[in-house]
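Dear colleague,

Please find below the structure that I agreed to pass on to you. My notes on it follow, and I would be grateful if you read them with the structure open.

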Amino acid sequence: MGPNPFRLFDIYLHNPSVKWDDIIGLDAAKRTIKEAVVYPIRYPQLFTGILSPWKALLLYGPPGTGKTLLAKAVATECNTTFFNISASTIVSKWRGDSEKLVRVLFELARFHAPSTIFLDELESIMSQRGGGNPGGEHEGSRRMKTELLVQLDGLSKSDDLVFLLAASNLPWELDHAMLRRLEKRVLVDLPITEARQALFQQFLPPTVIREPNGLVLFSDLDYARLGDCTEGYSGADIKLVCKEAAMNPVRKVFDVLENLQDGARIQLDSIKTTDVEKVLSTTKPSARAFKDKYTQWQKEYESV
């Protein structure tokens, strides 16, 4: 006997404490999500008839650019029941269970409306049916995809405030029927120069950084210079660079730390722009490989 489909009750996500203001840049994506989720709940009298709220939105773009962070902001700010779904949630080895889990998921979302369903790494669930080799796709996978499409069609014909938010790093692998149901498709692109400067300022602020263990870090950085020399870096890449740069002053005092007396304090060197640039020489961007492909896909399929 297969697993109990009502295990979906376990997927409610606790408040991640991510505010809209915590997300640097991505103004178009934030505005579109607010139009789709926040305003219909706050001003329901405006969203009727032809202005009925969007039912599904796709965030696509390079990895590390903030797609999942936007979903966390939705969970924090929108006061809706939030379902965080991955492939492991709705894919089962038992015959017929995957489509049952999909149906129960949407029934729960309607019951607990207003609600938001977040499908991360959507291409792992809704890749193109057949994948160019119809004989190579499992029958259960096709049935699960068909059920998901049917449920999304049901959302478009319902007045329930249930919103599907999906994220994908590889939108060109998505099934075209799924793209048709994702009414809004928004590119979450690599940060521009101003956003990169703001990211460096957020992770390595000019004031003193006091760590919980009593260590004190100072930073003295040329943010404009760092923003200019990090073209192609994602937000996640910049965070990694800042973490590595902050680690360098600590490495210089490892010997002192090993012999440190209880209660004693040490002073670390300040973090300089040259320290960050040294890290940049050994930390390459991870997200620009498909930049042209994202731009081409945006021209063909974006809907903002």
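In this predicted model, helix 1, which spans residues 27-42, has a kink of about 45 degrees centred on K34. The buried residues of this helix are A29, K30, T32, I33, A36, V37, V38 and P40. As general background, an α-helix has 3.6 residues a turn, so residues three or four places apart point the same way. The cover over the buried residues of helix 1 includes helix 2 (67-77) as well as strand 1 (56-60), strand 3 (115-119), strand 4 (162-168) and strand 5 (184-187).

Helix 1 also takes part in the largest pocket: helix 1, helix 7 (193-203) and helix 9 (235-251) each supply at least two residues of its lining. The space in this largest pocket is about 660 Å³. Its lining consists of 29 residues, of which I24, T65, G66, L199 and G235 are the closest to the centre. Helix 7 gives the largest share of the lining, with 5 residues. Sorted by class, the lining of the largest pocket contains 15 nonpolar, 7 polar and 7 charged residues. Domain 1 (8-189 + 291-301) and domain 2 (193-286) each contribute at least three residues to the lining of the largest pocket.

The second largest pocket holds about 350 Å³ of space. It is lined by 15 residues, and those closest to its centre are F47, L51, S52, P53 and W54. In the lining of the second largest pocket, 8 residues are nonpolar, 3 are polar and 4 are charged.

With kind regards

Conventions: Residues are numbered from 1 along each chain as its sequence is written. This is a predicted model: local features need pLDDT of at least 70, side-chain atom pairs count only at pLDDT 80 or more; totals for chains, interfaces and linings use all residues. Side-chain values use heavy atoms; hydrogens and water are left out. The bend at a residue is the angle between axes fitted to the seven residues ending there and the seven starting there. Helices (H or I, at least four residues) and strands (E, at least two) are DSSP runs, numbered from the N terminus. Buried means under 20% relative accessible area, exposed over 50%, partly exposed in between (1.4 Å probe, protein chains only). Contact means heavy atoms within 4.5 Å. On a 1 Å grid over the protein atoms alone, a cavity is a set of points where a 1.4 Å probe fits but cannot get out, and a pocket is an open set with protein on both sides within 12 Å along at least five of seven lines; lining residues have an atom within 4 Å of a point. Grid points are joined across faces, edges and corners, and a volume is the space filled by probe spheres set on the points. Ala, Val, Leu, Ile, Met, Phe, Trp, Tyr, Cys and Pro count as nonpolar, Asp, Glu, Lys and Arg as charged, and the others, Gly among them, as polar. Domain bounds come from an automatic or database domain assignment.
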